[in-house]
Amino acid sequence: MVNYVSDAAASAGDMPFFSPVEALDEGALRALQEARLRRQYGYLRERSAFYRRKFAAAGLGRDAVQSLDDLRKVPFTTKQELRDSLKAAPPFGEHLAAPMADVIQVQASSGTTGSPSYVALTRADAIVWQESSARSLFACGIRPGDLVLHGFSLSKGFVGGLPIFQALQYMGAVDIPIGADGGVERLLAAAFDLRPQAIVGTPNFLLHLAEAAKSQLGRDVREIGVRRLVVGGEPGGGIPALRRRIEDAWGATLCELMGGTDLAVIYWAECDHQDGMHMTAPDFIVAELIDPDSGETKPFTEGATGELVYSAIQREASPVFRFRSGDHVVVTGTTCRCGRRQPKIRCFGRTDDMLIVRGVNLFPSAVQDLVESMRPAVSGQVRLVADFEGHSTQANLKVLVERAQAEPPGVSLAALKHDIESRIRGALAVKADVLLAPHGSIEKPGAAKIKLVLRSMPAIAGLQ
Ligand SMILES: [Zn+2]
């Protein structure tokens, strides 16, 4: 039998990370990345019709990419280019760089805009995905032998489904494969029976599970004894007030992770110190930070913000190079007591979700963060009503805020509304028209990710 688990994990015992790569010093990592970068550049020129054309159009010759600095000469790859490529040569596009006979797996992104992007994996690619995801799950506190309740969607989720199952199995943990789409009751029943050490899922769904245990079963999920909550799929895990609420509800530590189908499953993950996600796969993916407007590369210094751009440096079937992820992040640190040497980030939004209100860029999660921090004066549920074409409006932004179950005495609704509007204006420079919705009237997240932005005003009685 082949033992795929990395030697580091097998022999690590109490090692704080899954792979020694996570702690390589800058010089050693750079040498490794540049060797793989040169190889990958040659591979793309040889095997990918898409990149051969792109490199030629940019005047990039055989030896054009020798170092990380040379990457800047390479034009970006956008999601739209990948969609066009998929359409031009189904099923995997003109950027497929491996023979179909070598492909063993298909995955797809569940993008918020456009059609899903399908990606192909060879056997070697699948192992790279499992290794990088295992490192991330390990950073978030999951250990070999742990039982892990699968709270992402298993059937609809694509990346949140099978690849997470595979990564957990690869690292020697046990996935309880029910999935968010398996139903809250079944998930809770399994959790109370099997007492998992960890749960993976979206932050809002884990909160929903805890609340459903109380309201439907009259039980407290703290009885289960879960140690770690591992969340991703939406920015909520990075919102301090929401994180505290979820941790309180479960009596467990919450760590966040992030990734995406175009590169791998998960390659950013938070360690025990809970202040941002480390890159966990720098030997497979080169991450750059860019100014989203100018396209200029920026160093990963603490406090820097920008969009992430990725180049796969160990990928066979569907490799992308200088791919604009659309993930907007802030660098929260460059050193860490855990021993990992990779910078830490927090994601505050995606280009796809961004609204432009009277010329001001606004990520919906920022409004959620603000309203969440006003609890218990409000319930914490919030929706943005973007009832206009596209992503840009010249009107005030309509924001639905759900009222608290028990409102503080002596505060008028008009004053509450005014308070929220002025906080939004003060913190985000956006003029909002707040509508207060009765408690319990905003639809709670089920299995799927929470949709903060609605494209039309929902029919809710008693809006104030
Ligand atoms: Zn750390």
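**Group meeting: cavities, a zinc site and some unusual backbone**

Let's start inside the protein. The structure holds three cavities of 30 Å³ or more. This is a predicted model. The largest cavity has a volume of about 60 Å³. Which residues line the largest cavity? They are Leu82, Leu86, His95, Ser117, Tyr118, Val119, Asp262, Ser318 and Val320. Two elements, helix H4 (79–88) and strand S2 (118–122), each supply at least two residues of that lining.

A word on confidence. Mean pLDDT for the chain is 91. 94% of the residues reach 70 or more. Now the weak stretch: over residues 1–12, pLDDT stays under 50. For those residues the model has 14 contacts beyond four places in sequence.

Next, the metal. What coordinates the zinc ion? Three cysteines and a histidine do: Cys271 through SG, His278 through NE2, Cys336 through SG and Cys338 through SG. The distances run from 2.1 to 2.3 Å. Along the chain, the donors follow the spacing C-x6-H-x57-C-x1-C. The site is tetrahedral, with angles of 102 to 117° among the four donor atoms. For reference, the ideal angle for four tetrahedral donors is 109.5 degrees. Are Cys271 and His278 buried or exposed? Both are buried.

Now a glutamate. Glu372 sits in helix H10, residues 364–372. Why does Glu372 count as buried? Because its relative accessibility is 5%, and the cut-off for buried is under 20%. Leaving aside residues up to four places away in sequence, Glu372 touches Ile239, Ala241, Leu242, Arg245 and Gly380.

On to the backbone. Most peptide bonds are trans, and most residues other than glycine have a negative phi. Here are some exceptions. The bond from Pro90 to Pro91 is cis, with omega near 5°. Pro91 is in the loop between H4 and strand S1 (103–108). So H4 comes up again: that helix also helps line the largest cavity. The bond from Arg375 to Pro376 is cis too, with omega near 5°. Pro376 lies in the loop between H10 and strand S17 (378–385). H10 is the helix that holds Glu372.

Last, positive phi. Arg195 is not a glycine, yet its phi is about 50°. Where is Arg195? In the loop between helix H7 (184–194) and strand S5 (198–201). At 36% relative accessibility, Arg195 counts as partly exposed. Ala429 is not a glycine either, and its phi is positive, about 60°. Ala429 lies in the loop between helix H11 (413–428) and strand S20 (432–437).

Methods
Residues numbered from 1 in each chain as written. Predicted model: local features only at pLDDT ≥ 70, side-chain atom pairs only at ≥ 80, totals over all residues. Heavy atoms only, no water. Donors = N, O, S within 2.8 Å, 3.2 Å for Na, K, Ca; no water. Tetrahedral: all angles 85-135°; square planar, octahedral: opposite > 155°, others 65-115°. Buried < 20%, exposed > 50% of the residue type's maximum accessible area, 1.4 Å probe, protein only. pLDDT = per-residue confidence, 0-100. Contact = heavy atoms within 4.5 Å. 1 Å grid on protein atoms, 1.4 Å probe; cavity = no way out; pocket = protein on both sides within 12 Å on 5 of 7 lines; lining within 4 Å. Points joined across faces, edges and corners; volume = space filled by probe spheres on them. Helix = DSSP H or I, 4+ residues; strand = E, 2+ residues; numbered from the N terminus.
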